[in-house]
Amino acid sequence: MRSLLRYLRGYVRETVLAPLFKMLEASFELIVPLVTAQIIDVGIVRRDGAFIWKMGLVMVVLGLVGLACSLTAQYFAAKAAMGFSTGLRRELFAHINSLSYRELDEIGTPTLITRITSDVNQAQTGVNLVLRLFLRSPFIVAGALVMSFTIDVQVALIFLVAVPLISLVIYLIMRWTVPIYREVQKMLDLISRLTRENHVGARVVRAFGRQREEIEAFTRADREFTRIQMSAGRISALLNPATYVIMNLAIVLILWVGGRQVDMGRLTQGEVTALVNYMTQILLALLALANLIVAVTKAMASGTRLNEVFAMTTSLSDEVREEIRTDTDGSRVVFRDVSFSYAHSSSPALEGISFSAEKGQVVGIIGGTGSGKSTLIDLIPRFYDAASGTVEVDGHPVAAYPLGQLRKKIGVVPQRAVLFKGTIRDNMRWGKEDATDEEIWRALEVAQAREFVEKKEGKLEATIAQGGRDLSGGQRQRLTIARALVREPEILILDDSTSALDNATDAALRGALRAQTKRSGQGMTVFLISQRAASIKQADKILVMDEGRLAGVGTHSELLRDCPVYREICLSQFSEKEVSAI
């Protein structure tokens with residue numbers, strides 16, 4: 001948690017003023033019992049109404065000034081805590097976005113969501129309470145002890161026994177509950193994961209009729225979370241009874257000893273009342289300190305979890321700052337004996353991959369599920385770094401490029417079509433912020449999306465719901481393809497992103513893409529991943545993947561003749577007669 005305090009640097013004034021105003025409020029609070037003693041010993045004993053009214057007015061003024069100090073402290077503490085959490089959340093979000101796919105795969109989305117929301121809020125609450133109570137509570141305890149000794153040393157010795165006993169009770173209860181509160185945050189990760197999975201996969205859950213099982217799984221996690229919270233609550237419930245028993249016993253002793261002192265004329269009735277008030281103030285201050293300890297413990301646990309995210313450094317170094325001049329004559333993409341393994345995987349996802357793709361070529365990639373197709377193309381925009389071998393784009397290793405320059409060359413359409421809430425124009429401009437309507441319409445036409453966009457009310461201004469829920473699967477895929485085309489990339493990667501299209505639309509799209517690649521001498525290179533042999537059979541080059549290895553490279557007819565894996569794939573989708581006729 002200490003390392004996160006750097007986010008308070010811009011709020012030094014608030015960090016200083018908040019506890020100072022709280023201590024000022026505490027000072028006025030410590031004066032109140034003395035005023036009460038004066039009212040009893042002077043006003044009531046002498047039946048001096050004017051003095052009582054005068055002291056009563058003093059108490060009101062002390063209360064109002066204390067309230068003003070408290071509100072001022074609350075304002076500065078809240079401002080500092082909010083500034084702290086805003087800076088922390090902003091940097092955490094930026095840091096998460098700097099991580100590569102490898103780190104994001106390792107830590108997982110649900111725990112990242114919990115950490116950037118719940119954990120940051122816990123840290124914010126901890127900072128707020130520390131600024132308000134960290135100095136105030138000890139100041140009240142110490143001040144009340146000192147004030148009790150100024151009244152009577154003999155009675156004040158009761159304070160020296162009661163305060164450590166109350167502190168011991170609070171310490172023991174905190175020692176039991178603190179580890180439990182750490183478990184609470186871990187359970188929140190699980191609940192967040194289950195919630196997210198059921199939200200994202202709601203259609204799948206309903207399609208398989210698994211609502212009951214999912215509800216039961218969530219209920220079990222929720223019950224475990226409740227059990228942990230209840231166990232902490234049962235222990236914490238002992239706090240007030242135990243401390244109040246000690247305090248009330250101390251008050252009884254104060255009244256007994258103080259009463260004897262009053263009989264002997266060494267103390268007044270008002271002073272005994274003041275001593276009782278100081279004992280009450282000490283208890284309330286210690287209870288506030290206990291709540292502060294709980295909040296700080298939660299904040300520290302959350303701070304540890306946040307630091308775990310900050311401690312994760314991206315495996316993709318982007319130390320290159322200057323853009324490099326690319327080779328205009330060589331191959332567009334070259335893989336040289338490339339191997340790759342996912343984190344904690346026992347076997348490589350890719351092994352010994354070597355091929356080249358020329359400018360203007362359409363390269364088809366096909367293979368069974370888990371054969372490494374998506375992994376292979378993820379190495380081109382450098383979402384991952386190869387474990388061995390090199391991946392080159394325009395004559396230079398991808399690691400030699402600044403990431404910004406490399407990814408400007410590439411348009412990626414992922415397997416899952418992702419659209420963002422906003423207008424169609426807003427989504428299209430993700431690829432190019434200053435894209436004109438003419439460029440957008442041209443991209444939509446190539447992606448076979450122009451027709452249905454023109455039919456929408458508002459056309460480019462038509463609103464898209466979050467995730468594109470108001471569009472069909474094929475419409476979402478075509479819009480994501482158009483979004484990639486708007487930036488006119490040198491390399492276009494379609495990762496099984498035509499699976500929802502009918503055969504006619506798929507064929508029209510492939511024809512438009514081929515025309516796009518031939519538009520100039522330095523045309524766009526297209527990588528087309530598909531499960532359908534019909535979608536890639538016209539490609540200039542086809543890569544056949546099998547269990548992370550390259551089983552064959554060539555044209556459709558060459559692979560039918562020379563590659564058993566490719567022929568088997570074709571036979572699984574067409575009859576022998578159809579394959580022979582292709």
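Two strands count as paired if DSSP finds at least two bridges between them. Helices (H or I, at least four residues) and strands (E, at least two) are DSSP runs, numbered from the N terminus. This is a predicted model, where local features need pLDDT of at least 70 and side-chain atom pairs count only at pLDDT 80 or more, while totals for chains, interfaces and linings use all residues. Residues are numbered from 1 along each chain as its sequence is written, and side-chain values use heavy atoms, with hydrogens and water left out.

**A hairpin**

Strands E11 (residues 541-546) and E12 (residues 549-554) run antiparallel and are joined by five bridges. Asp 546 has Arg 549 in E12 as its bridge partner. Two residues sit between the strands of this hairpin, and Glu 547 takes a positive phi near 55°.

**Salt bridges**

The structure holds 26 salt bridges, each being a side-chain nitrogen of Lys or Arg within 4 Å of a carboxyl oxygen of Asp or Glu. Here are three of them, with the distance between the closest N and O atoms:

| Acid | Base | Closest N and O atoms |
|---|---|---|
| Glu 25 | Arg 136 | 3.3 Å |
| Asp 119 | Arg 305 | 2.8 Å |
| Asp 394 | Lys 359 | 3.9 Å |

Glu 25 in helix H1 (residues 12-44) and Arg 136 in helix H5 (residues 136-151) link distant parts of the chain, 111 residues apart. Both are buried, meaning under 20% relative accessible area, with exposed being over 50% and partly exposed in between (1.4 Å probe, protein chains only).

Asp 119 is in helix H4 and Arg 305 in helix H10 (residues 269-311), so this pair ties together parts 186 residues apart in sequence. Asp 119 and Arg 305 are buried too.

With Asp 394 in the loop between strands E4 (388-393) and E5 (396-397), and Lys 359 in the loop between E2 (350-357) and E3 (362-367), the pair ties together parts that are 35 residues apart in sequence. Asp 394 is buried at a relative accessible area of 2%, and Lys 359 is buried at 18%. Both belong to a network of salt bridges with Arg 332, Lys 409 and Glu 490.

**The largest pocket**

On a 1 Å grid over the protein atoms alone, a pocket is an open set of points where a 1.4 Å probe fits, with protein on both sides within 12 Å along at least five of seven lines; lining residues have an atom within 4 Å of a point. The largest pocket is lined by 43 residues, and Asn 97, Tyr 101, Leu 104, Phe 383 and Pro 414 lie nearest its centre. Elements giving two or more residues to the lining include helices H2 (49-98) and H4 (109-133), and strand E6 (410-413).
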